[in-house]
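Biologist: Hi! Could you walk me through how some helices pack in this one?
Modeller: Happy to, here it is.

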Amino acid sequence: MLVKNVGLIGLLVLLVQPQCSDAQRLKYNSPAELAGAAAVSPEAGRQILKGLFSKCAVYGEAARRAGEAALAGWEARHDGFLEENKRLKSELLRMASSPTATASQRSGIKNLFEVVVPQTVDAQLTALLTPIKLIEPAEAKASLCIDYAKSVQDGNWELEKNDPAVADFLKQSMRSRTK
C-alpha cells in the first residue's frame with residue numbers, strides 16, 4: 001500500500017509550488033505527505049508549464065517555438081517521474097475507493113485531486129502570467145515568455161533541483177518495482 005495514513009493529505013496544497021530556482025525546499029512531516037506529493041508534483045508542474053507556454057504562444061512565433069521546445073525538453077527529462085507519478089496517483093485513487101478507506105481519507109484524496117491541485121495549478125499559472133499581461137509592448141511580453149522557456153531549458157524547473165525529496169521518493173519507487 002502506498003501510504004497507511006493519508007489523513008494529512010489535504011496539506012498537499014504546498015506541493016504544487018512554482019518551479020523556480022529560488023523555490024523554498026519543502027519539508028515533509030510524514031511518509032504520507034511525501035507519497036502524496038509524489039502523486040501530485042510532477043504532473044502539476046507539467047500542467048503549469050503547458051498552461052504557461054500555451055498562453056505565451058499568442059505573443060509570436062518565437063515565443064511559441066521557445067515554449068514548445070522547453071516543454072518538450074522538460075517532459076523528456078521528467079518522463080520517468082511523470083510515469084511513476086501517474087502510477088502513484090492511481091494507487092492513491094484505488095486506496096480511496098477501497099472499503100478499508102475511512103470517509104476522511106476518501107474525502108481528502110478526492111479533494112486533493114479535484115479541488116486543491118486544479119486550484120493551485122490555476123493560481124500559480126495566474127501568478128506566472130500576470131507579469132506578462134501587465135507589461136507592454138507585445139515584444140516585451142514575448143521576451144518574458146522566451147525568458148521563461150530559457151529558464152526551463154536551463155534546468156531551473158527540474159524536480160530534482162526544486163524538490164529533491166520527491167525526486168528521490170519517485171526514484172526509489174521506480175527501483176523497488178524493477179527489482
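Modeller: What follows is a short chat about a few of the helices.
Modeller: This is a predicted model, where local features need pLDDT of at least 70, side-chain atom pairs count only at pLDDT 80 or more, and totals for chains, interfaces and linings use all residues. Residues are numbered from 1 along each chain as its sequence is written, and side-chain values use heavy atoms, with hydrogens and water left out.

Biologist: Cool. At what angle do α4 and α8 cross?
Modeller: Roughly 80°, with the axes of α4 (residues 79-97) and α8 (residues 164-178) coming within 10 Å. Axes here are lines fitted to C-alpha atoms, for helices over the stretch in contact, and angles run from 0 to 180 degrees between N-to-C directions. Helices are DSSP runs (H or I, at least four residues), numbered from the N terminus.

Biologist: And which residues of α4 and α8 make the contact?
Modeller: Among them are Phe-81 and Leu-88 of α4, and Phe-169 and Met-174 of α8. Contact means heavy atoms within 4.5 Å.

Biologist: Which residues of α4 are buried?
Modeller: They include Phe-81, Leu-88, Leu-92 and Met-95. Buried means under 20% relative accessible area, with a 1.4 Å probe and protein chains only.

Biologist: What covers the buried residues of α4?
Modeller: The cover includes α1 (31-38), α2, α3 (61-77), α5 (103-134), α7 (159-162) and α8.

Biologist: New topic: how far apart are the axes of α2 and α6?
Modeller: The axes of α2 (residues 41-56) and α6 (residues 138-153) are 10 Å apart, and the helices pack at about 145°. Leu-49 and Phe-53 of α2 are among the contact residues, as are Tyr-148 and Val-152 of α6.

Terms used: Helices (H or I, at least four residues) and strands (E, at least two) are DSSP runs, numbered from the N terminus. Buried means under 20% relative accessible area, exposed over 50%, partly exposed in between (1.4 Å probe, protein chains only).
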